[in-house]
Amino acid sequence: TIQTMPALTITHSGSSVIISWPYSSGGWTLQQNANVADLGNWQTSSYTITNVGGVNIITITPPTSSLFFRLVQ
């Protein structure tokens with residue numbers, strides 16, 4: 001069975017950046033990287049994930065550097 005990747009949403013609220021995606025049982029993991037071109041440096045995100053109403057959410061307040069995010073299975 002092929003699963004569709006959940007949509008990753010990144011929004012800004014005040015001095016915070018909010019990253020969210022639908023909770024799924026497909027085993028998706030949020031990864032982060034400071035340099036999107038460095039394909040070998042993706043790491044599992046260390047931010048705390050909160051599940052609210054079936055949506056996974058992390059909040060970064062305030063962000064201190066540029067980060068890129070992706071979901072992997």
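Tutor: Contact means heavy atoms within 4.5 Å. With that in hand, we may read this predicted model.

Student: Among contacts with a separation of 6 or more, what share comes from residues 24 or more positions apart?

Tutor: Such residues account for 58% of the contacts in the protein with a separation of 6 or more.

Student: How many helices and strands are there in the protein?

Tutor: The protein has zero helices and seven strands. Along the sequence, the pattern reads β-β-β-β-β-β-β.

Student: How should the pairing of these strands be read?

Tutor: Strands of a sheet pair through backbone hydrogen bonds, and the pairing is either parallel or antiparallel. In this structure, one open sheet holds four strands in the order S1-S2-S6-S5, with antiparallel pairing. At its edges stand S1 and strand S5 (50-52), each with a single partner strand, so one side of each has no neighbour in the sheet. On average, and ignoring direction, neighbouring strands of this sheet are turned by 30° against each other.

Student: Over how many bridges do S1 and S2 pair, and which residues are partners?

Tutor: Strand S1 (residues 9-13) and strand S2 (residues 16-22) are joined in the antiparallel sense over five bridges. Histidine 12 has valine 17 of S2 as its bridge partner, and threonine 9 has serine 20 of S2. The two strands form a hairpin with two residues between them. Glycine 14, in the turn, has a positive phi of about 60°.

Student: What is the strand order of the open sheet of three strands?

Tutor: Its order is S4-S3-S7, and the pairing is antiparallel. Strand S4 (43-44) and strand S7 (68-72) are the edge strands, each pairing on one side only. Five bridges join strand S3 (residues 29-33) to S7, and these two run antiparallel. One of the partnerships links threonine 29 to valine 72 in S7.

Student: Is glutamine 32, in strand S3, buried or exposed?

Tutor: The class follows from relative accessible area, where buried means under 20%. Glutamine 32 has 14% relative accessibility and therefore counts as buried. Its side chain makes a polar contact of 2.9 Å with the side chain of serine 45. Leaving out residues up to four places away in sequence, glutamine 32 touches several others, including Trp42, Tyr47, Leu67, Phe68 and Phe69.

Student: Where does glycine 27 lie, and which residues does it contact beyond its neighbours within four places in sequence?

Tutor: Glycine 27 is placed in the loop between S2 and S3. Beyond those sequence neighbours, glycine 27 is in contact with Val72 and Gln73. The C-alpha atoms of glycine 27 and glutamine 73 are separated by 5.8 Å, although the two residues are 46 residues apart along the chain. Glycine 27 counts as partly exposed because its relative accessibility is 45%.

Student: What does the radius of gyration indicate about the protein as a whole?

Tutor: A compact globule with 73 residues would have a radius of gyration near 11 Å; the protein has 13 Å, which agrees. Along its principal axes, the C-alpha trace spans about 40 × 30 × 15 Å.

Student: What fraction of the residues is buried, and what is the accessible surface of the protein?

Tutor: Of the 73 residues in the protein, 26% are buried. The accessible surface comes to about 4900 Å², and carbon and sulfur atoms contribute 54% of that area.

Terms used. Residues are numbered from 1 along each chain as its sequence is written. This is a predicted model: local features need pLDDT of at least 70, side-chain atom pairs count only at pLDDT 80 or more; totals for chains, interfaces and linings use all residues. Side-chain values use heavy atoms; hydrogens and water are left out. Two strands pair if DSSP finds at least two bridges between them. Buried means under 20% relative accessible area, exposed over 50%, partly exposed in between (1.4 Å probe, protein chains only). Axes are lines fitted to C-alpha atoms, for helices over the stretch in contact, and angles run from 0 to 180 degrees between N-to-C directions. The radius of gyration is taken over C-alpha atoms; the globule rule is 2.2 Å times the number of residues to the power 0.38. Accessible areas come from the Shrake-Rupley method with a 1.4 Å probe; for residues, only the protein chains shown count as cover. A polar contact is a pair of N or O atoms within 3.5 Å; within protein, one must be able to donate a hydrogen and the other to accept it, and residues adjacent in sequence count only if both atoms are side-chain atoms.
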